[in-house]
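Thanks for coming. I have one structure to go through today, so please look at the sequence and the model while I talk.

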Amino acid sequence: NLTKEEYIAIIGGHTLGFAHSTASGFDTLTWTATPTTLDNSFYYDIINKIWYDQQAQVNKLYEWEGKDNFFMFNCDIAIYKNLNSSIDPTNGKVSCDYGSCPTRND
């Protein structure tokens with residue numbers, strides 16, 4: 001089982017990159033406006049933007065989209081709803097960062 005801090009660190013990986021329809025089965029969209037920069041924008045956006053559940057064009061499964069064409073997976077929204085007390089809504093800073101989270105060897 002992962003700790004709360006480990007979940008936060010792992011989900012922050014969505015700050016980078018895209019969801020490609022060929023790999024994920026979802027529409028090709030980004031999580032943030034700067035998908036090549038590792039920063040707090042994923043955490044800031046998940047708290048401060050309004051998200052709507054939408055049916056993906058590619059696989060007809062549901063994803064969460066904002067008005068600016070960014071998106072979140074169901075797991076992103078679910079983890080946020082469970083862990084939101086660890087994220088500062090004013091700046092997206094989290095109580096854990098990649099360097100301070102414990103490593104797992106199992």
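I will start with the whole chain, then take two buried acidic residues, and end at the surface.

First, a caution: this is a predicted model. The chain has 106 residues, and 38% of them are buried. There are four helices and five strands. If you follow the sequence from start to end, the elements come in the pattern α-β-α-β-α-β-β-β-α. Now the contacts between residues with a separation of 6 or more: 55% of those are between residues 24 or more positions apart.

Next, Asp 76. You will find Asp 76 in helix H4, which covers residues 74-83. Is Asp 76 buried or exposed? It counts as buried because its relative accessible area is 1%, and the cut-off for buried is under 20%.

What does Asp 76 touch, leaving out residues up to four places away in sequence? The list is Ile 11, His 14, Trp 31, Phe 42 and Ile 46. Take His 14 from that list: His 14 and Asp 76 are 62 residues apart along the chain, yet their C-alpha atoms are separated by 8.7 Å. With Trp 31 there is a polar contact between the two side chains, at 3.0 Å. The side chain of Asp 76 also has a polar atom 2.8 Å from the backbone nitrogen of Phe 73.

The second acidic residue is Glu 65, in strand E4, residues 62-65. Glu 65 is buried too, and it has no salt bridge. Which side chain of opposite charge is nearest to Glu 65? That is Lys 60, and it is 11 Å away. A salt bridge would need the charged atoms within 4 Å. Again setting aside residues up to four places away in sequence, Glu 65 touches Asp 27, Leu 29, Ile 50, Trp 51, Tyr 52, Gln 54, Phe 70 and Phe 71.

Now to the outside. The chain exposes about 6300 Å², and carbon and sulfur atoms supply 53% of that area. Leu 2, Tyr 7 and Ile 10 make a nonpolar surface patch of about 270 Å². Of these, Tyr 7 sits in helix H1, residues 4-11. Tyr 7 counts as partly exposed because its relative accessibility is 37%, which falls between the limits of 20% and 50%.

To recap the residues I picked: Asp 76 is buried and has a side-chain polar contact with Trp 31. Glu 65 is buried without a salt bridge. Tyr 7 is part of the nonpolar patch at the surface.

Key
Residues numbered from 1 in each chain as written. Predicted model: local features only at pLDDT ≥ 70, side-chain atom pairs only at ≥ 80, totals over all residues. Heavy atoms only, no water. Patch = residues over 30% accessible without salt bridge, like charges linked within 9 Å, V, L, I, M, F, W, Y side chains within 5 Å. Areas by Shrake-Rupley, 256 points an atom, 1.4 Å probe, with all protein chains shown as cover. Helix = DSSP H or I, 4+ residues; strand = E, 2+ residues; numbered from the N terminus. Buried < 20%, exposed > 50% of the residue type's maximum accessible area, 1.4 Å probe, protein only. Contact = heavy atoms within 4.5 Å. Polar contact = N/O pair within 3.5 Å; in protein donor to acceptor, adjacent residues only side chain to side chain. Lys, Arg positive; Asp, Glu negative; His and termini not counted.
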